[in-house]
Amino acid sequence: MSRLVPSSLALVCAFVAAAAAAAAPTRIPDAAVSTATALRDRALHDDTAWNVTESLTTEVGPRLAGSDNDLRAREWAIAKFKALGFDKVYTEPVTFPKWVRRSEHAAIVAPFPQPLAVTALGYSPGTPAGGLTGEVMLFPTLDALKAAGDAVRGKIVYVGFRMQPHQDGHDYGMGSTVRTHGPALAAKLGAAAFLLRSAGTDSNRTPHTGVTQWEADGPRIPAAALSAPDADLLEHMAARGKPVQLKLDLDCGMDGTYTSANVIGEITGRRHPGQVVAIGGHLDSWDPGTGAIDDAAGVAIAMAAGHLIGELPQRPDRTIRVIAFANEEQGLFGGRAYAEAHAKQVGKHQLGSESDFGAGKVWRMSASVKPEARGAIQQIADVLAPIGVAYDAQRPGGGGSDLSQMHAKGMAALSLTQDGTRYFDWHHTGNDTLDKIDRDELNQNVAVYAAFAYMAAQAKGDFGSAPGAFAHDGAGD
Ligand SMILES: [Zn+2]
């Protein structure tokens, strides 16, 4: 330091330099904000996402991971990315155990014989050929089942947790816990089979499937969901005080392993092609419906957002990467494979968010980013506020289902929370079909994704992605 520089000025200079190096705020240039605003408004009146959803549900339909339609869906996605003008289209392998569903039946055989609408849970083994008949023991909650202990030995266990509809869908936390953990618990207690009231909020005779989880070396028993009206029926019959005998006949089970793939389309960045904004949805679905809300809509929202950015006169500064994930439904296999394959490039992921909660409007945004990027998040929030998105600065962002795995590695992430009030009426049922999607609400999602992805791609500075960042901010979804 020269003695000619007054010491106070030297101190100020040193402070400014240190502050600039340590904490330069991330900023989105004005031009990018106005382009994003125009993108937002264009997306509200663009048919791409609807057309993509219609195409996937019509031309492929149900997309159970590992089924023949798994391959057809990937071929569809590759062709669709190309048709939508993406610069680069490629796949990355995802391997998982394959589960197959062949048939499923249930009926009460005594005291008042009646058929029941039932669906096997993913990873359920089948019953012995010809079915399994036993006495049903009913429990309102998993805790009540736990407390029953040995008493359930040889019985068919039923757990009847009732989900209520909410905008944020929070009852699915317990609903899905009964489904994922109930069968393994009942099996350990010696039960012969497990049934649950569907994890859903409807009153249709459409049972809700979904995956269950076993301990690696633990016992496994046939496990299935009853539709809500059939769960009511069983409860009414049990209330008569006489033993209820039920017959369950499931033909399903494991069938080796299967290698699918994440299908990826990119709009290549012109200044920083190696830095990516990651968006997406999952390509697989459950098999009773056509997987429209779960998750053709998410794939379509992300594809349409990437497409609209690709239609701009100039490529964005950073790459927009749209990922159609393989096998989310049976355990985030696509998301985990992506996070493993890209763990070393976590710092190259500018920001990420996946759409996987239907096609209802986005009503809330939250973020997990470094403190110096909060101003840029506020800029994004300001563009999204006029279309009904409220920024909650107190909540973390989780990145959505599959991308939660990359967030766990340190990717900065948004949560763009959709209105889930009706989502669990149709989720994982035969009623997950195209007619449940409102075009305007779907387009609002595209507007959100296109605007945020473009602004993140144009930002001066980053959002704090680094190995191990955000390890302690909790789940945002
Ligand atoms: Zn999903």
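Biologist: Is the crossing of H3 and H13 left-handed or right-handed?
Modeller: This is a predicted model, in which local features need pLDDT of at least 70 and side-chain atom pairs count only at pLDDT 80 or more, while totals for chains, interfaces and linings use all residues. Residues are numbered from 1 along each chain as its sequence is written, and side-chain values use heavy atoms, without hydrogens or water. A crossing is left-handed if the near helix is turned anticlockwise from the far one by less than a right angle, and right-handed if clockwise. By this convention, the crossing of H3 and H13 is right-handed.

Biologist: How far apart are the axes of H3 and H13?
Modeller: Helices (H or I, at least four residues) and strands (E, at least two) are DSSP runs, numbered from the N terminus. Axes are lines fitted to C-alpha atoms, for helices over the stretch in contact, and angles run from 0 to 180 degrees between N-to-C directions. Helix H3 (residues 48-59) and helix H13 (residues 439-458) pack at about 110 degrees, with axes separated by 9 Å.

Biologist: Which residues of H3 make the contact with H13?
Modeller: Contact means heavy atoms within 4.5 Å. H13 contributes Arg439, Leu442, Asn443 and Val446, and H3 contributes Ala49, Trp50 and Thr53.

Biologist: Which term describes the orientation of H3 to H8?
Modeller: Their axes come within 8 Å and cross at roughly 135 degrees. Angles under 35 degrees count as roughly parallel, over 145 as roughly antiparallel, 65 to 115 as roughly perpendicular and the rest as oblique. H3 is therefore, relative to H8, oblique.

Biologist: Which residues coordinate the zinc ion?
Modeller: Donors are N, O and S atoms within 2.8 Å of the metal (3.2 Å for Na, K and Ca); water is not among the atoms, so sites may look incomplete. At 1.9 to 2.8 Å, the zinc ion is coordinated by NE2 of His282, OD of Asp294 and, twice, OD of Asp356. The coordinating residues are thus His282, Asp294 and Asp356.

Biologist: What is the geometry of the zinc site?
Modeller: Four donors count as tetrahedral if all angles lie between 85 and 135 degrees; four count as square planar and six as octahedral if opposite donors are over 155 degrees apart and all others between 65 and 115; anything else is irregular. The angles among the 4 donor atoms here are 51 to 152 degrees, and the site is irregular.

Biologist: What is the relative accessible area of His282?
Modeller: Buried means under 20% relative accessible area, exposed over 50%, partly exposed in between (1.4 Å probe, protein chains only). Asp294 counts as buried at 3%. His282 is also buried, at 0%.
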